[in-house]
Amino acid sequence: MNKVMIATDSASDLNSLFEERDIKQLPLYVMLGDEQHLDGEDISPSDIYEYYDKNKKLPITAARSPEDFFDFFKSFTDNGDSVVYISISSQISSTYEHALDAAKRLDNVHVVDGRSLSSGTGLLALAAADMRDGGADAQTIAETIEKRKTCVQASFVVNTLDYLYKGGRCSGLAAFFGKALSIKPSLQLLDGNIKVVRKYLGSFEKNILKYVDNTLAAYDTPDMTRIFITHTSASADTVKAIRTKLIEYGFAPENIHETIAGSTITSHCGKSTLGILYINDGNKND
């Protein structure tokens, strides 16, 4: 019997859920100097921190080539399976463009620009897997995910501006005052782009629960099916406090997922970055 394969890239940060929910992933490239690595396969966030501390340079991340995508998709379509591929936002990576190029040369491959990153993309992949497991066909899944992607709430609080500054996402002056005044920016994916939406003053731990309250106040119709606490290196106590807060908001404990951001995301935001991510459509996907 032909199947619908749900696929995404390694930057969707689903960790063990990739295998548990039978979601295929194509790892992105992470370059440490002249060394090329595959995100999640032969490089970890600890390697990123070590490289940055030693060299004061960020790794370079890169999409896979159209030919890589062609071979990836063909491994499924050769078996008669259909593919729904959900990419990291086209505004911040060429992944979508390369995947679309490959899909045009094959039958039954549907490519969706997720317009998000990290577990924001992962949320869409899981929603697609829910539909697949419910018997939906690839075309229906792709069309539904296209509608739901505009409702993904993906945001993070960044503890240090060093990585953003080195990556060209904030000025040297902003980085200087950010460190001097202990500013913790909240970044959000808006129309596929990363924007600063709020600035918190003081310690990361002091402000992280304020961030949770502010986010759920602004985006207050969450799909309660699942919510992610995604971070690079947050403490267990911080994650526990956020989990308790989310339960107070009505999320069932089993629907709160903690995931660790992989090497692609870590390369751009650094240590102690944390976000809550969910689909803000109240589970109304029609």
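In the predicted model, arginine 115 forms a salt bridge with aspartate 113, and the closest N and O atoms of the two side chains lie 3.4 Å apart. The two partners differ in their surroundings: arginine 115 is partly exposed, with a relative accessible area of 21%, whereas aspartate 113 is buried, at 6%. Because the cut-off for a buried residue is under 20% relative accessible area, arginine 115 at 21% is classed as partly exposed.

Aspartate 113 also belongs to strand 7, which comprises residues 109-113. Five of the five residues of this strand are buried, so strand 7 is largely enclosed by the rest of the structure. The covering extends to both faces of strand 7. On one side stand Val109, Val111 and Asp113, on the other His110 and Val112, and all of these residues are buried. Strand 7 pairs with strand 6 in the parallel sense, over five bridges. Within this pairing, valine 84 stands opposite histidine 110 of strand 7. In general, strands of a sheet pair through backbone hydrogen bonds, in either a parallel or an antiparallel arrangement.

Strand 6 (residues 82-87) also contributes to an aromatic contact through tyrosine 85. Five aromatic pairs are counted in the model. One of them joins phenylalanine 69 and tyrosine 85 in an edge-to-face arrangement, with 5.3 Å from centre to centre and 80 degrees between the planes. This pair links distant parts of the chain, since phenylalanine 69 lies in helix 3 (residues 66-77) and tyrosine 85 in strand 6, 16 residues apart. Phenylalanine 69 is buried at 0% relative accessibility, and tyrosine 85 is likewise buried, with a relative accessible area of 0%. A further pair, formed by phenylalanine 72 and phenylalanine 73, is tilted, with 5.8 Å between the centres and 45 degrees between the planes. Phenylalanine 72 counts as buried at 13% relative accessibility, and phenylalanine 73 is buried at 0%. Phe69, Phe72, Phe73, Phe76 and Tyr85 form one aromatic cluster.

The salt bridges of the model number 15. As a general principle, side chains of opposite charge can pair when their charged atoms come close. One salt bridge connects the side chains of aspartate 78 and lysine 74, with a distance of 2.9 Å from N to O. Aspartate 78 is exposed, with a relative accessible area of 53%, while lysine 74 is partly exposed at 31%.

Another salt bridge is formed by aspartate 130 and arginine 226, whose closest N and O atoms are 3.1 Å apart. Distant parts of the chain are linked by this pair: aspartate 130 belongs to helix 5, whereas arginine 226 lies in the loop between helix 9 (204-218) and strand 11 (227-231), 96 residues apart. Aspartate 130 is partly exposed, with a relative accessible area of 30%, and arginine 226 counts as buried at 12%. Salt bridges with shared partners join both residues to Arg21, Arg132 and Asp133 in one network.

Helix 5, the element that holds aspartate 130, consists of 15 residues, 119-133. The distance from its first C-alpha to its last is 20 Å, close to the 21 Å expected at 1.5 Å a residue. Of its 15 residues, 13 are buried, so helix 5 is largely enclosed by the rest of the structure. Just after helix 5, glycine 135 takes a positive phi of about 100 degrees.

An open sheet of six strands shows the order 10-9-8-13-11-12, with mixed pairing. Its edge strands are strand 10 (193-201) and strand 12 (256-260), each of which pairs on one side only. Neighbouring strands of this sheet are turned by 20 degrees against each other on average, direction ignored. Within the sheet order, strand 8 stands beside strand 9. Strand 8 (residues 152-157) and strand 9 (residues 183-190) pair in the antiparallel sense over three bridges, and valine 157 stands opposite serine 186 in strand 9. Helix 9 packs on the sheet, where it touches strand 8, strand 9, strand 10 and strand 13 (274-279). The direction of helix 9 makes about 15 degrees with that of strand 13.

Notes: Residues are numbered from 1 along each chain as its sequence is written. This is a predicted model: local features need pLDDT of at least 70, side-chain atom pairs count only at pLDDT 80 or more; totals for chains, interfaces and linings use all residues. Side-chain values use heavy atoms; hydrogens and water are left out. Helices (H or I, at least four residues) and strands (E, at least two) are DSSP runs, numbered from the N terminus. The expected span of a helix is 1.5 Å times one less than its number of residues. Buried means under 20% relative accessible area, exposed over 50%, partly exposed in between (1.4 Å probe, protein chains only). A salt bridge is a side-chain nitrogen of Lys or Arg within 4 Å of a carboxyl oxygen of Asp or Glu. Two strands pair if DSSP finds at least two bridges between them. Axes are lines fitted to C-alpha atoms, for helices over the stretch in contact, and angles run from 0 to 180 degrees between N-to-C directions. Contact means heavy atoms within 4.5 Å. Rings of Phe, Tyr and Trp (its six-membered ring) pair if their centres lie within 6.5 Å; planes under 30 degrees apart count as stacked, over 60 as edge-to-face and the rest as tilted.
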